[in-house]
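Student: I should like to go through the pockets, a helix and a single residue of this model, with the criterion behind each label. Please begin with the pockets.

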Amino acid sequence: MQRGQKPIALFIDDGHDLHGQTLRSLKQFIEKTRHRGSRLTVVLAGHPRLKNEWRRPAREEIGARMTVLELEGIQGQQRRSILWLLEQCAASVAPGDIVTAAALDLLAERLITPLQIQHYLTRVLEQASRLGEKPVTPAIVHATLAPDMHALEPTLTRYGYNVTALSELLHIRLAEVRAFLHGQFPPGRTEELPNHLLAAGIPLGDQLASTNSERATG
């Protein structure tokens, strides 16, 4: 770095899984390079947990030195994204001849991430082909999409919180986390955990209500 005399950017994917000591070491590395006349910038990319973790007071040493940039991805543009994919893959066929408008609306409503769109759109088209139906109808979409894709556990995973991370955040045992995710937590304690999740910056109102409803029904 001293020989090149150029600013360096270090990109780290899955930054939400970095250990706290690793981040402190990176901070010290940045400081040492600055004292030697060089410039190092560390760019962490990760799930929303990354932002939530380093805004906690206990993480102030690192969090106060960070600049957070939130990328919303295709949020609100799912329908356009699906249409674009269909147009790229079948330029000679109108999207409406492949997927009905109602089925397209349902896919745009249920799918959130580009990975989900690519995965489930492929499965929906394969299912329609096996059944010999064209275009794809809402019935095929309903039969293909995973019914629990927006349940509490997969939603938390998309935020970057696995069972271990939730155990550390909520200060409960791994077995208790699994019980909570499956709606089997004792009624007296179930009300405490949503407040901790909301305080951590995780907006999960619908998923928590669904889990509590399933627990009450069961």
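Student: What makes the largest pocket a pocket, and what is its volume?

Tutor: The largest pocket has a volume of about 1900 Å³. On a 1 Å grid over the protein atoms alone, a pocket is an open set of points with protein on both sides within 12 Å along at least five of seven lines, whereas a cavity is a set where a 1.4 Å probe fits but cannot get out; lining residues have an atom within 4 Å of a point. The volume is the space filled by probe spheres set on the points, which are joined across faces, edges and corners. The model is predicted: local features need pLDDT of at least 70 and side-chain atom pairs pLDDT 80 or more, while totals for chains, interfaces and linings use all residues. Residues are numbered from 1 along each chain as its sequence is written, and side-chain values use heavy atoms, without hydrogens and water.

Student: Which element gives the largest share of the lining of the largest pocket, and how does the lining divide?

Tutor: H1 gives the largest share, 6 residues; helices and strands are DSSP runs (H or I, at least four residues; E, at least two), numbered from the N terminus. The lining has 23 nonpolar, 12 polar and 9 charged residues. Here Ala, Val, Leu, Ile, Met, Phe, Trp, Tyr, Cys and Pro count as nonpolar, Asp, Glu, Lys and Arg as charged, and the others, Gly among them, as polar.

Student: What is found in the second largest pocket?

Tutor: Its space is about 320 Å³. Among the 17 lining residues, Leu 18, Arg 49, Glu 53, Arg 59 and Glu 168 are the closest to its centre. H10 gives the most to this lining, with 4 residues.

Student: How do you know that the length of H4 agrees with its number of residues?

Tutor: The expected span is 1.5 Å times one less than the number of residues. For the 12 residues of H4 (residues 78-89) this gives 16 Å, and the end C-alpha atoms are 17 Å apart, which agrees.

Student: Why are the buried residues of H4 said to lie on the same side?

Tutor: The buried residues are Gln 78, Ser 81, Ile 82, Leu 85 and Leu 86. They cover an arc of only 135° around the axis, so they lie on the same side of H4; the arc is that of the directions from the helix axis to the C-beta atoms.

Student: Why is Thr 33 called buried?

Tutor: Buried means under 20% relative accessible area, exposed over 50%, and partly exposed in between (1.4 Å probe, protein chains only). Thr 33 has 7%, and is therefore buried. Thr 33 belongs to helix H1.
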